[in-house]
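The following note sets out several points for a student who is reading this structure closely. Please keep the sequence and the coordinates in view while going through them.

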Amino acid sequence: MTKNSPIGVFDSGLGGISIWRGIHEKLPRESIVYLGDGLRCPYGERPQSEIQQFTFEAVQKLLKEQCKLIVIACNTATAMAIDDVRKRFTDIPIVGLEPAIKPAAIASKSGVVGVVATARSFQGRLYKHTSSLFQDRVRILESVGEGWVELVENNMEDSLEALPLVSRVIEPMIEAGADHIVLGCK
């Protein structure tokens with residue numbers, strides 16, 4: 001690997017394109033390799049061992065592309081696999097994601113924030129740790145965005161089918177006083 005080697009970005013599907021876009025905007029001269037696992041998406045309800053295996057495989061593929069840094073742009077893969085991936089692949093920096101509870105908690109005026117993620121994302125060590133840091137400052141409402149991954153992966157986020165799925169999750173949070181809602185995982 002050299003300084004001209006690409007940055008690798010991995011997600012369980014297409015959602016990580018927003019992370020790819022952010023990296024590209026901040027580092028326009030960098031080459032970026034994107035790997036989406038659309039075949040096995042979504043990861044949200046899968047066993048941890050499967051998510052770990054899929055994540056190991058993705059990292060191995062990105063290493064074959066000579067990536068100098070790998071971004072796991074999937075909250076579920078981060079929650080379920082990042083610790084083991086970092087232990088296994090020690091020669092490369094690996095960055096993960098977690099729901100943005102900190103900025104939401106800091107910015108909240110109502111003291112209530114919502115988080116929409118997969119069930120597995122909520123079980124992750126990083127999510128639990130970050131949530132615990134702010135639980136005395138805000139009430140955190142958690143909800144699984146059931147069916148959201150399928151909407152995004154099928155390019156249906158603006159469809160008539162999307163509105164009731166999103167409303168079912170978001171409206172109770174707003175009614176409970178949430179002034180910030182974090183999309184932790186689609």
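1. In this predicted model, R40 lies over the face of F54, at 3.8 Å from the ring centre. A second arrangement of this kind involves R88, whose charged end sits over the ring of F56, 4.3 Å from the centre of that ring. F54 also belongs to an aromatic cluster, which it forms with F10 and Y43.

2. How many aromatic pairs does the structure hold? There are four aromatic pairs. One of them joins F122 and Y127 in an edge-to-face arrangement, with 5.1 Å from centre to centre and 70° between the planes. A pair of aromatic rings is described by exactly these two quantities, the distance of the centres and the angle of the planes. F122 is buried, because its relative accessible area of 12% falls under the 20% limit. Y127 is likewise buried, at 3% relative accessibility.

3. The largest nonpolar core deserves attention next. This core has 21 residues, and those with the most contacts inside it are F10, I70, I72, V85, F89 and I94. At least two residues of the core come from each of α2 (48-64), β3 (69-72) and α3 (75-88). Another core lies apart from it and has twelve residues, including I101, Y127, F134 and V182. In soluble globular proteins, nonpolar side chains tend to be buried together.

4. Which residues does V85 contact, once its neighbours within four places in sequence are left aside? They are T55, F56, V59 and I94. Of these, I94 is also listed with V85 among the residues that have the most contacts inside the largest core, and F56 carries the ring over which the charged end of R88 sits.

5. Helix α6 (residues 125-134) has four named positions to examine: Y127, T130, S131 and F134 are its buried residues. Seen down the axis of α6, these buried residues fall within an arc of 100°, so they line one face of the helix. The elements that cover them include α4 (101-107), β5 (112-117), α5 (119-123) and β6 (139-144). Both Y127 and F134 are also members of the core of twelve residues.

6. S5 is found in the segment before β1 (7-11). Is this residue buried or exposed? S5 counts as buried, because its relative accessibility is 7%. Its side chain reaches the backbone oxygen of Q66 at 3.3 Å. Beyond its neighbours within four places in sequence, S5 is in contact with E30, Q66 and K68.

7. Some backbone geometry should be checked with care. Most residues other than glycine have a negative phi, and most peptide bonds are trans. Q66, in the loop between α2 and β3, has a positive phi, near 65°; this residue counts as partly exposed, at 43% relative accessibility. N155 also has a positive phi, near 55°, and is located in the loop between α7 (148-153) and α8 (162-175). With a relative accessible area of 64%, N155 is exposed.

8. The last point concerns a peptide bond. C41 and P42 are joined by a cis peptide bond, with omega at about 5°. P42 has its place in the loop between β2 (32-36) and α2.

Definitions and conventions:
Residues are numbered from 1 along each chain as its sequence is written. This is a predicted model: local features need pLDDT of at least 70, side-chain atom pairs count only at pLDDT 80 or more; totals for chains, interfaces and linings use all residues. Side-chain values use heavy atoms; hydrogens and water are left out. Rings of Phe, Tyr and Trp (its six-membered ring) pair if their centres lie within 6.5 Å; planes under 30 degrees apart count as stacked, over 60 as edge-to-face and the rest as tilted. Buried means under 20% relative accessible area, exposed over 50%, partly exposed in between (1.4 Å probe, protein chains only). A charge sits over a ring if NZ of Lys or CZ of Arg is within 6 Å of the ring centre and within 35 degrees of the ring normal. A nonpolar core is a set of buried Ala, Val, Leu, Ile, Met, Phe, Trp, Tyr and Cys residues joined through side-chain atoms within 4.5 Å. Contact means heavy atoms within 4.5 Å. A polar contact is a pair of N or O atoms within 3.5 Å; within protein, one must be able to donate a hydrogen and the other to accept it, and residues adjacent in sequence count only if both atoms are side-chain atoms. The arc is that of the directions from the helix axis to the C-beta atoms.
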